[in-house]
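I opened this notebook to record what I looked up in a structure and what I found at each step. The entries are kept in the order in which I went through them.

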There are 2 protein chains.
Amino acid sequence: MDTATTARTALIGLDWGTTSLRAWLFDAQGAVLDTRASPLGIMRLPRPADLGGCDDAFQKLCADWLDAREVPVIAAGMVGSVQGWKEAPYVALPADPGPLARALVPVRSARGSVVHIMPGLIEQGALPNVMRGEETQVLGALVAHASLRRAPRVLLGLPGTHAKWVFVVEGRVERFLTFMTGEVFAALCEHTILGRTMQTGAQPQDEAFLRGVDTARRHGQAGLLATIFSTRTLGLTGQLAPAQQADYLSGLLIGHELMGLAAVLAGEDFKPSDWTPGLIGDAALCRRYRLALAHAQGLDAPVLEHSTEQGLFHIAREAGLLRAQPAGP
Amino acid sequence: MDTATTARTALIGLDWGTTSLRAWLFDAQGAVLDTRASPLGIMRLPRPADLGGCDDAFQKLCADWLDAREVPVIAAGMVGSVQGWKEAPYVALPADPGPLARALVPVRSARGSVVHIMPGLIEQGALPNVMRGEETQVLGALVAHASLRRAPRVLLGLPGTHAKWVFVVEGRVERFLTFMTGEVFAALCEHTILGRTMQTGAQPQDEAFLRGVDTARRHGQAGLLATIFSTRTLGLTGQLAPAQQADYLSGLLIGHELMGLAAVLAGEDFKPSDWTPGLIGDAALCRRYRLALAHAQGLDAPVLEHSTEQGLFHIAREAGLLRAQPAGP
């Protein structure tokens, strides 16, 4: 980095999950000056988090940025869990950015830098729900997209290992659901009879995927434990080729997820189309969800990019972390 | 075996599944003279089935019975699959014992004995369903229990890796459903985050199990992908102890299975209580299902013991295998 760029640095943002660590270097207006990634997620640290593992990984990824110029640091994700660097207790719903910014938990690194850890969100109730990291992405999406800020009801999907659907009403996170779709898909493919006849194709098999979505819509009342067996029996009866089976199963699970979401909304006298939808996450996975939402519910859900870094920057500004910095050269 | 007993032997029955092989030695009236078990299921043979693996295992388990007196042999289960000893093609529904007995597929063993393999059942349609072995248990239960034979509509549950629910109308198998409950439970416990905080208790935790059944009933509309996450969040919030989590998850899955079954019946204008219920299978697992059925649907489902051997004997008699034998000493 040249001296002029170094002089502009104002904030480091970390998205620190279970399996990966991403870092952004921002200027005072939120422009990204540099970005880095590391595989040192909280569950992949060479040393446990409570024995300096987080400190080591942070130092390795960000030391030269901080050596050039000491700036505040904000971090979101599993880094704030009991297994992380320091626990940042969950904030209860409903939540908006203000209380979250006030609930940041500081931890001092070995080199003396203070890392401000975002709390996760919890929805109490008969079936509690928790998130860590997604709250930052949701806030980032709302900040970055004027159309979402103006919409009275926003429904954001965050596909992944534990997919989240977040209900935002007038800018505030009101509730959310977790679907273990990604993790269940992996367990079914790798550790049940369904995976035995699958062949992985080079191309996504959209037709097989949408057939799975349709099976969930048309026969989903028997439940997922019943419908998934059709991955095997359609194969046994020559109606589904080995290279189609994984995509079919993926469509089935995502179809069940969307049916479950629609049923919850219907229980509150809403339809999915009463909400302004959006998707946040991995591009290939968001593409699948977008296909399924269009096919099953006629919804066009745009993919909201850069939500994570926008969220980190926005919360840091709300928390006053940027004011602690000199204004620049 | 003494000479008098040997003179009475009339049939060997084999229940040969994926992970185990059980054998019964019958007299001409169906009384069991001896019984044996082996871990040499079709997927656990030291040599592949098509290279003599089945022959070896059969010889090892039954040679001395046949040396004492050559009797006919009937076998049911995965032994008749493509991966088994010889394929016994599926018989299409609706099915009653007559056509099944006529569809037995003979295979000659290395020692010269003929083994008659039961076909499985297939239900064609948008979501095909298959079974191998359970058809024999269902027929055995109907033969052995006069109350079931007289009932116009019988609903038989066969819990396990791939649980079956079989709809029998006037003695004929009309349709069935498969729920991958056992295999999904194992995959979730062993290969997802839900298993990480579980501790296995010595005693079944019926209260936690029924709490899972209730969660499926009350919150099941969101679907299984959503409700299972509560195993983790109830743990995180101190509402479910580590020793209760596996039983809670088991109750959740079985609860979803029973909800799915009830929804399918409702789609055909039936209630579960319109049917005479029964359970066939492992005693501890049947106990759980019986608890769940009583709790969720007010049904008392008796456990129907000895169904497998009764089914094997009955089909052999229908097929005329016993007539080929001298009547005794």
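The entries below go from the pair of chains to helices, sheets and backbone details.

**Entry 1: how the two chains are related**

I note at the outset that this is a predicted model, and I read every value below as computed from it. I began with the symmetry, asking which rotation superposes chain A on chain B. The rotation is 180 degrees, with 0.0 Å of shift along its axis and an RMSD of 0.0 Å. That is the relation of a two-fold axis.

I then looked for the residue of chain A that comes closest to the rotation axis, and found A:A187, whose C-alpha lies at 3.0 Å from it. I also checked the interface residues of chain A: 100% of them are interface residues in chain B as well, so the copies meet through the same surface.

**Entry 2: the helix pair between the chains**

A:A187 led me to helix α6 of chain A, because it is among the residues that contact the other chain's α6 where the two helices, each spanning residues 181-191, are roughly perpendicular to each other. The angle between α6(A) and α6(B) is about 110 degrees, and their axes are 10 Å apart. The contact is made on the α6(A) side by A:E183, A:V184, A:A187, A:L188 and A:H191, and on the α6(B) side by B:E183, B:V184, B:A187, B:L188 and B:H191. By character, the residues of this contact divide into 6 nonpolar, 2 polar and 2 charged.

**Entry 3: a helix pair within chain B**

Next I turned to helix α7 (residues 206-219) and helix α10 (residues 242-267) of chain B, whose axes come within 6 Å and cross at roughly 40 degrees. α7(B) and α10(B) are therefore oblique to each other, and α7(B) passes α10(B) in a right-handed crossing. The residues that make the contact include B:F209, B:V213 and B:R217 of α7(B), and B:Y248, B:L252 and B:M259 of α10(B). I recorded the make-up of the whole contact as 8 nonpolar, 7 polar and 3 charged residues.

**Entry 4: the six-stranded sheet of chain B**

In what order do the strands of the 6-stranded open sheet of chain B run? I read the order as β3-β2-β1-β4-β7-β6, with mixed pairing. The edge strands are β3 (32-38) and β6 (105-108), each of which pairs on one side only. Direction ignored, neighbouring strands of this sheet are turned by 20 degrees against each other on average.

At the β3 edge, strand β2 (residues 21-27) of chain B runs antiparallel to β3(B) and is joined to it by 6 bridges, and B:W24 stands opposite B:T35. These two strands form a hairpin with 4 residues between them, and B:G30 in the turn has a positive phi of about 90 degrees. At the β6 edge, 4 bridges join β6(B) to strand β7 (residues 114-117) of chain B, again antiparallel, with B:P106 partnered by B:H116.

**Entry 5: strands of chain A**

I followed β7 (residues 114-117) in chain A, where strand β4 (residues 73-76) runs parallel to it and is joined to it by 3 bridges; the bridge partner of A:I74 is A:H116. Strand β6 (residues 105-108) of chain A pairs with β7(A) in the antiparallel sense over 4 bridges, and A:V107 stands opposite A:V115. β6(A) and β7(A) form a hairpin with 5 residues between them, and A:G112 in the turn has a positive phi of about 100 degrees.

A further open sheet of chain A has 3 strands in the order β5-β8-β9, with mixed pairing. β5 (91-92) and β9 (129-131) stand at its edges with a single partner strand each, so one side of each is left without a neighbour in the sheet. Strand β8 (residues 121-123) and β9(A) pair antiparallel over 3 bridges, and A:E123 has A:N129 as its bridge partner.

**Entry 6: backbone details**

Finally I looked up where a cis peptide bond occurs in chain A, and found it joining A:L93 and A:P94, with omega about -10 degrees. A:P94 lies in the loop between β5 and α3 (97-102) of chain A. In chain B, the peptide bond from B:L93 to B:P94 is cis, with omega near -10 degrees.

I also noted A:E170, a residue other than glycine with a positive phi, near 50 degrees. A:E170 lies in the loop between β11 (163-169) and β12 (172-179) of chain A.

Notes
Residues numbered from 1 in each chain as written. Chains lettered and ligands numbered in written order. Predicted model: local features only at pLDDT ≥ 70, side-chain atom pairs only at ≥ 80, totals over all residues. Heavy atoms only, no water. Least-squares fit on C-alpha atoms with pLDDT ≥ 70 in both. Contact = heavy atoms within 4.5 Å. Axes fitted to C-alpha atoms, helices over the stretch in contact; angles between N-to-C directions. Parallel < 35°, antiparallel > 145°, perpendicular 65-115°, else oblique. Left-handed = near helix turned anticlockwise from the far one by under 90°. Nonpolar A, V, L, I, M, F, W, Y, C, P; charged D, E, K, R; others polar. Pairing = 2+ DSSP bridges.
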